[in-house]
Every structure is written in structure tokens, then in C-alpha cells.
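Student: Got a minute to walk through this one with me? I'd like to start with how far to trust it.

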Amino acid sequence: MTDDRTVSTELRAAAADLAPAVIAAMPIGLLFGALATAKGMSPLEAVLASALMFSGGAQLAAVEIWHHPVPIAALVASTLLINARFLLMSASLAPKLPKLPLLARLVGFHALADENWALSESRAAEEAAAGRRITATYVFGQGWMFVAAWVAATALGAVVGPFLGDPRRLGADFAFTAIFVGLVASFVRRGGGGGVAAVLASAAAAAIAHRTLGAPWHILIGAAAGLLAAALLHRPAAGPKAVTR
Amino acid sequence: MSLDPTTLAAILGMALVTWLCRIGGLALAGRLRLSGRAAAAFEAIPPAVLTAVIAPTLLVTGPAETLAGAVTIAAALRLPLLATVVVGVGAVLVLRTAGL
């Protein structure tokens with residue numbers, strides 16, 4: 001089988017697919033930088049958090065509960081709860097990648113975030129339909145471009161944040177929501193009825209959990225309800241199939 | 001450029017658990033052989049997780065966010081991603097300006 005994919009074409013495709021996510025993430029990175037410095041973190045500490053955590057949701061939640069003295073245990077617990085989903089995401093994506101040295105995987109998967117993970121899953125499905133695997137260049141190249149953009153946005157936010165004012169005024173906070181809606185829609189369009197049921201169950205359960213238990217429990221509870229709905233509505237007539245290769 | 005030891009410890013702790021979640025799936029991945037309902041649940045992970053993250057904004061924040069969410073969903077079913085984001089942000093701006 002011929003393979004016309006090169007490092008250059010893969011990186012270009014990765015960048016083009018990532019562009020909307022970068023545009024949506026920039027205001028959030030700016031916002032984090034601005035909020036973190038407003039809470040007393042130095043710009044260096046805010047940038048370090050973005051580079052080492054690379055997790056918008058957990059970072060914004062951390063800023064929310066940040067006070068002095070710094071509640072390290074609460075911060076780590078909240079981060080774990082919010083990011084437990086990465087466990088499922090990497091378990092789902094990892095088998096779709098070509099064989100790689102362990103070190104490359106350990107470093108590469110640091111760049112796993114919601115948006116680029118969804119793009120990689122989507123790309124992997126397309127490549128599978130064409131009878132081949134997604135390239136590591138696409139997955140990790142895209143991931144590390146996203147890390148670079150996120151760190152740059154944070155640095156900018158930490159420096160100019162105090163002069164910007166409320167990002168809600170510009171609707172910038174909703175960009176994050178809109179991009180997730182778009183990503184969910186692409187999954188639902190590709191999948192069957194189980195996809196719609198999973199989305200509806202997840203939305204309802206997450207909204208109720210957010211009202212009753214508060215963040216970040218809604219993520220775990222919503223996701224669990226969605227998986228349950230997909231499992232319960234699964235019809236064996238569709239035929240059993242192995243998920244991993 | 002200051003670096004407070006307690007702040008640094010908090011950042012490193014949060015970064016470590018996040019990274020462990022990211023690489024944890026690598027250990028799981030090779031051992032999963034799913035079929036039937038379990039496979040259906042596994043395939044539902046992406047939309048279910050993404051939906052749970054944004055559901056509070058869409059459903060329990062305010063009328064402007066909920067209406068803008070409906071507009072965004074309608075756009076997402078027809079338009080590419082970037083256009084969806086533009087429509088969504090535009091909708092929420094208009095609705096908030098209208099005082100909802």
C-alpha cells in the first residue's frame with residue numbers, strides 16, 4: 001500500500017485542524033494568566049502551571065480555589081477529579097497509534113488535551129476507513145503545537161491581563177463551550193443512536209450533579225451516565241466488535 | 001519573576017496527577033478487549049466526557065448561555081468547527097447585550 005503522508009504534510013494537516021481550537025483556547029489562556037496573577041501568582045508561576053499542567057479546566061478550577069496558605073491537597077484532589085477523564089482518553093487513543101518507544105509515549109502524551117484528542121480520534125477514524133493508522137507526527141505534533149500556544153497565551157495574559165478587564169464582555173468565555181459543542185456534534189454525526197443517547201444522558205446528569213454536588217463532580221457523573229446509556233441501549237444485533245485493533 | 005516554594009509544590013502536585021492520568025491509559029490500552037455493551041460504552045467516552053464538561057454552562061448558567069447553546073448546536077450540525085465557534089460567541093454576545 002502506498003503512503004503519501006510525510007512529516008510535512010502531517011504537520012500541516014495537524015495545524016490546519018487545530019487552528020479553531022487554538023483560536024478558542026487563546027482567550028482561555030489569556031484569562032488564566034490574568035486570573036492567576038490577580039490571585040497573587042507571579043507570571044513565571046502562571047507560565048509554569050500552563051506548561052506542566054496543560055489543562056485549562058483544572059487550571060481555572062485551581063485559580064478559583066486558590067488562597068493563602070495554598071491548599072495543596074484540595075488543589076491536587078480537584079485536579080485529579082477533573083482530569084481523570086484523560087485516563088479514558090489515552091486508553092482510547094493509544095492503541096490507534098503506531099508502535100513507539102515508551103519514552104516517546106510518556107513525553108508525547110503530556111500534550112493530550114480535550115480538543116486535540118478529539119481531533120486525533122476523528123483523524124484516526126478517517127485513517128482507519130482508508131485502511132491505515134494515524135501517524136504519531138499528527139498526534140504529537142498537534143499536541144505540542146497546542147502546548148506552545150497555551151503557554152504563549154498564558155504568558156501574554158499574565159502580563160497584559162490587568163489592563164484587559166472582564167473577558168465575559170467579549171463573549172470569549174463561550175468560545176470554549178462552542179468548540180466542545182462542535183466536537184460533540186462531529187462524534188454524534190459519525191456514530192449511531194447510542195451517541196445521541198450518551199450525549200443526552202451525560203448532559204442531564206452533569207447539569208444535575210453540578211447543581212447538587214458542584215464542580216468538578218459533574219464531569220465524572222455526567223460521563224458515567226453517558227457510558228451507561230450507551231451500554232444499555234446497545235443492540236447485540238449490531239454485532240459484537242473488538243475495540244482495540 | 002518570583003517562584004514561591006509552596007506555590008511550586010502545588011503546581012508540581014497538580015502537574016504530576018494530570019500526567020499520571022494522561023499516561024495511565026497506556027497501561028490499560030493493551031489489555032482491553034471489549035465487545036458488546038462494554039465496547040458501546042467505550043466508544044461513547046469521547047462525546048460523553050466532552051458533554052459533561054460543558055453541560056453546566058449550557059443548562060444551568062442562564063438564559064443567554066442556554067439559548068446561545070441551542071444556536072451553537074444548530075450551527076454545529078451544519079457548519080465547520082471554526083464557523084460554529086464564531087456563531088456561538090456571536091450569539092452569546094448578542095443575547096447578553098440584550099440583557100438575558
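Tutor: Sure. pLDDT is the predictor's confidence in each residue, from 0 to 100. This is a predicted model, and chain B averages a pLDDT of 88, with 94% of the residues scoring at least 70.

Student: Which elements of chain B have the lowest and the highest mean pLDDT?

Tutor: Among the elements of chain B, H2(B) has the lowest mean at 81, and H4(B) has the highest at 96.

Student: And what's the mean pLDDT of chain A?

Tutor: Chain A has a mean of 86, and 92% of its residues reach 70 or more. Among its elements, helix H3 (residues 56-65) of chain A has the lowest mean pLDDT, 79, while helix H2 (residues 43-53) of chain A has the highest, 96. Take care with residues 238-245 of chain A, where the pLDDT is below 50. That stretch still has 19 contacts in the model beyond near neighbours in sequence.

Student: OK, on to the interface. How many residues does each chain put into the contact?

Tutor: Chain B puts in 72 residues and chain A puts in 83 residues. The area buried between chain B and chain A is about 6,900 Å², and carbon and sulfur atoms give 78% of that.

Student: Which residues in chain B lose the most area to chain A?

Tutor: Those are B:Met14, B:Arg22 and B:Leu50, which together make up 11% of what the chain B side buries.

Student: How many salt bridges and polar contacts go across?

Tutor: For salt bridges between chain B and chain A, the count is zero. For polar contact there are 16 residue pairs across that interface, both residues at pLDDT 80 or more.

Student: Which helices of chain B supply at least two residues to the side that touches chain A?

Tutor: Helix H1 (5-29), helix H2 (36-43), helix H3 (45-59), helix H4 (63-76) and helix H5 (81-97) of chain B each do. H1(B) gives the most, with 22 residues. Sorted by class, the side of chain B that touches chain A has 49 nonpolar, 15 polar and eight charged residues.

Student: Switching topic: what domains does chain A get?

Tutor: The assignment gives domain 1 (7-173) and domain 2 (191-245) of chain A. Their centres, taken over C-alpha atoms, are 23 Å apart. In the contact, domain 1 of chain A has seven residues and domain 2 of chain A has six.

Student: How much area do those two bury between them?

Tutor: About 660 Å², with 77% of it on carbon and sulfur atoms. On the domain 1 side of chain A, A:Leu81, A:Ile82 and A:Pro95 supply 64% of the buried area, more than any other three residues.

Student: What about salt bridges and polar contacts between those domains?

Tutor: Zero salt bridges, and zero residue pairs in polar contact with both at pLDDT 80 or more. Helix H4 (residues 72-83) of chain A gives the largest share of the domain 1 side that touches domain 2, three residues. By class, that side of domain 1 of chain A has four nonpolar, one polar and two charged residues.

Student: How is chain B divided?

Tutor: Into domain 1 (1-32) and domain 2 (46-100). In chain B, 31 Å separate the domain centres, taken over C-alpha atoms.

Student: How many salt bridges does the structure hold over all chains?

Tutor: Seven. One pairing is A:Arg132 with A:Asp4, whose closest N and O atoms are 3.8 Å apart.

Student: Where do A:Arg132 and A:Asp4 lie?

Tutor: A:Arg132 is in the loop between helix H7 (114-129) and helix H8 (136-164) of chain A, and A:Asp4 is in the segment before helix H1 (7-38) of chain A, so the pair ties together parts 128 residues apart in sequence.

Technical notes: Residues are numbered from 1 along each chain as its sequence is written. Chains are lettered from A and ligands numbered from 1 in the order in which they are written. This is a predicted model: local features need pLDDT of at least 70, side-chain atom pairs count only at pLDDT 80 or more; totals for chains, interfaces and linings use all residues. Side-chain values use heavy atoms; hydrogens and water are left out. Contact means heavy atoms within 4.5 Å. Buried area is the accessible area (1.4 Å probe) that two parts lose on being put together, summed over both. A salt bridge is a side-chain nitrogen of Lys or Arg within 4 Å of a carboxyl oxygen of Asp or Glu. A polar contact is a pair of N or O atoms within 3.5 Å; within protein, one must be able to donate a hydrogen and the other to accept it, and residues adjacent in sequence count only if both atoms are side-chain atoms. Helices (H or I, at least four residues) and strands (E, at least two) are DSSP runs, numbered from the N terminus. Ala, Val, Leu, Ile, Met, Phe, Trp, Tyr, Cys and Pro count as nonpolar, Asp, Glu, Lys and Arg as charged, and the others, Gly among them, as polar. Domain bounds come from an automatic or database domain assignment.
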